[in-house]
Amino acid sequence: MRCLITGGAGFIGGHLAEALLKRPDVTAVVAVDDLSTGSRRNVAKVMGDPRFSLKVGSILDLPDLETLIAESDAVIHLAAAVGVELVVHDPIRTLNTNVYGTGRVLEYAAAHGIRTIIASTSEVYGKSRKDSFEESDDLLIGAPTRSRWSYACSKLIDEFFLMAYVRNRSFPGTVVRFFNTVGPRQTGEYGMVIPRFVKAALNGEPLKVYGSGRQTRCFCHVADTVRALTGLLDCRAACGEIYNIGSQNSIAISELAQLVIAELNSSSGIETVSYDRAYAKGFEDMLRRSPDTTKLSNLLGWRAELPLKKIIRDVADDLASMY
Ligand SMILES: NC(=O)c1ccc[n+]([C@@H]2O[C@H](COP(=O)([O-])OP(=O)(O)OC[C@H]3O[C@@H](n4cnc5c(N)ncnc54)[C@H](O)[C@@H]3O)[C@@H](O)[C@H]2O)c1
């Protein structure tokens with residue numbers, strides 16, 4: 001199997017490349033990445049593997065993107081403008097990459113009938129107040145005057161695009177909606193909460209909790225996420241379907257800050273920062289964001305297995321190794 005990973009030098013992409021190259025049936029992994037939020041460090045472990053190659057360029061204008069896709073047996077499309085801070089501050093880049101870039105990938109993959117999985121996000125559930133979200137739920141996105149929703153909307157357009165190709169062109173495509181995925185090599189630079197907290201705790205700096213801290217989230221180890229992705233890739237029954245991928249153990253962000261401090265024996269304190277100060281005036285957040293993963297569990301017997309303490313430890317070990 002020849003695999004193409006767009007965003008392959010990203011956080012999830014790098015871990016996926018490593019996992020795919022451990023499989024004897026995988027003959028090539030090509031990563032396409034513009035290295036905007038990704039880095040060579042994410043693929044350092046596979047750089048020496050002759051079956052791996054990194055093509056630096058943007059999905060928006062890479063001239064040989066169609067050829068690369070046509071030569072693949074499977075495409076995992078992860079390239080996107082990612083991270084709440086980046087999205088809030090650069091909604092034009094978000095919309096361009098996530099709508100036109102994904103549009104290009106899907107057009108070529110559908111034209112050549114290539115098995116494809118695209119990454120969407122729990123953000124598409126928007127401001128809906130359910131305790132846990134199912135893939136068939138209605139979605140409640142905020143107003144366009146709030147730029148944070150540009151990410152959810154752009155990913156939702158991607159989902160509609162994929163479903164249209166499935167329906168009208170028998171395209172073997174699948175959507176995955178990642179809930180917070182965390183692990184080694186994830187950067188806190190673009191607003192990801194666990195690497196941000198761990199870095200502050202290791203440096204003895206205050207952990208900045210945005211908003212009240214009562215908002216809850218579920219954190220899934222990237223190794224569990226990658227196991228779900230490779231399982232779905234092999235599964236034809238997943239074509240034309242949407243799957244939540246995430247942990248079902250939720251924690252309030254203020255408790256997460258305390259847990260990080262305790263786990264890392266840190267002397268750091270906790271500072272509360274208003275959303276207006278952290279992001280932009282009028283920033284809207286969701287109180288709860290928890291996945292119902294019954295659909296994926298019924299298909300693959302998958303569930304997130306690695307506990308939050310292991311995630312914190314792995315992120316800390318990775319950050320410590322950089323200094
Ligand atoms: N990590 C999470 O918790 C999470 C949650 C929901 C959805 N997702 C989705 O999963 C995917 C992977 O996210 P990640 O966490 O690995 O983030 P990441 O930023 O590490 O990965 C995205 C990669 O895409 C690359 N990229 C961006 N624009 C590009 C372009 N125009 N052309 C080529 N490459 C481009 C970046 O350089 C980066 O390597 C994204 O689609 C993201 O929206 C992630």
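This tour proceeds through a predicted model, stop by stop, and states what to select and what is found there.

**Stop 1: helix α1**

Begin by selecting residues 11-21, which form helix α1. Is this helix enclosed or open to the outside? Eight of its eleven residues are buried, so α1 is largely enclosed by the rest of the structure. Colour the buried positions to see them: Phe 11, Ile 12, Gly 13, Gly 14, His 15, Leu 16, Ala 17 and Leu 20.

Next, display the elements against which these buried residues pack. They include four strands, β1 (2-6), β2 (28-33), β3 (52-56) and β4 (74-77). Strand β7 (181-182) and helix α7 (222-233) also belong to these surroundings of α1.

**Stop 2: Gly 8, just before the helix**

Move to Gly 8, in the loop between β1 and α1. A residue counts as buried if 20 or more other C-beta atoms lie within 10 Å of its own. Gly 8 has 29 such atoms within 10 Å and is therefore buried.

Which residues does Gly 8 touch, leaving aside those up to four places away in sequence? Select Gly 13 and Ala 17, then Ala 31, Val 32, Asp 33, Val 43 and Leu 54. Gly 13 and Ala 17 are themselves among the buried residues of α1.

For a sense of scale, add Lys 127 and draw a line from its C-alpha to that of Gly 8. The two residues are 119 residues apart in sequence and 30 Å apart in space.

**Stop 3: the shell around the ligand**

Now centre the view on the ligand. There are 29 residues around it, and those that come nearest are Gly 7, Gly 10, Thr 37, Gly 38 and Ala 80. Colouring this shell by class gives 14 nonpolar, 13 polar and two charged residues.

Which elements supply at least two residues each to the shell? They are α1, β2, α4 (91-111) and β5 (115-121). Helix α1, the first stop of the tour, gives the most, with three residues.

**Stop 4: Leu 35, in the loop after β2**

Select Leu 35, in the loop between β2 and β3. This residue has a positive phi of about 60° although it is not a glycine. Leu 35 counts as partly exposed, because it has 14 C-beta neighbours inside 10 Å.

**Stop 5: helices α6 and α11**

Hide the ligand and select residues 193-203, helix α6, together with residues 308-322, helix α11. Two packed helices are described by the angle between their axes and the distance between the axes. For α6 and α11, the angle is about 60° and the axes are 10 Å apart. The two helices are therefore oblique to each other, and α6 passes α11 in a right-handed crossing.

Show the side chains at the contact. From α6 come Ile 194, Pro 195, Val 198, Lys 199 and Leu 202, which meet Ile 311, Ile 312, Val 315, Ala 316, Leu 319 and Ala 320 in α11. By class, this contact holds ten nonpolar residues, no polar residue and one charged residue.

**Stop 6: helix α8 against α11**

Keep α11 on display and add helix α8, residues 253-263. The axes of α8 and α11 come within 10 Å and cross at roughly 60°, and the helices are therefore oblique to each other. Their crossing is right-handed.

Leu 259, Val 260 and Glu 263 in α8 meet Leu 308, Lys 309, Ile 312 and Arg 313 in α11. How many of the residues in this contact are charged? Three are charged, four are nonpolar and none is polar.

**Stop 7: helix α6 against α8**

Replace α11 with α6, leaving α8 in view. The axes of α6 and α8 come within 9 Å and cross at roughly 40°. That angle makes α6 oblique to α8, and the crossing is right-handed.

Here Val 193, Phe 197, Val 198 and Ala 201 of α6 meet Ile 253, Leu 256, Ala 257, Val 260 and Ile 261 of α8. This contact consists of nine nonpolar residues, with no polar and no charged ones.

**Stop 8: Asn 265, in the loop after α8**

Finish at Asn 265, in the loop between α8 and β13 (270-273). Its phi is near 50°, a positive value in a residue other than glycine. Is Asn 265 buried or exposed? Asn 265 counts as exposed, because it has 7 C-beta neighbours inside 10 Å.

Key:
Residues numbered from 1 in each chain as written. Predicted model: local features only at pLDDT ≥ 70, side-chain atom pairs only at ≥ 80, totals over all residues. Buried ≥ 20, exposed ≤ 12 C-beta atoms within 10 Å, placed from the backbone. Contact = placed C-beta atoms within 7 Å. Near = placed C-beta within 6 Å. Nonpolar A, V, L, I, M, F, W, Y, C, P; charged D, E, K, R; others polar. Axes fitted to C-alpha atoms, helices over the stretch in contact; angles between N-to-C directions. Parallel < 35°, antiparallel > 145°, perpendicular 65-115°, else oblique. Left-handed = near helix turned anticlockwise from the far one by under 90°.
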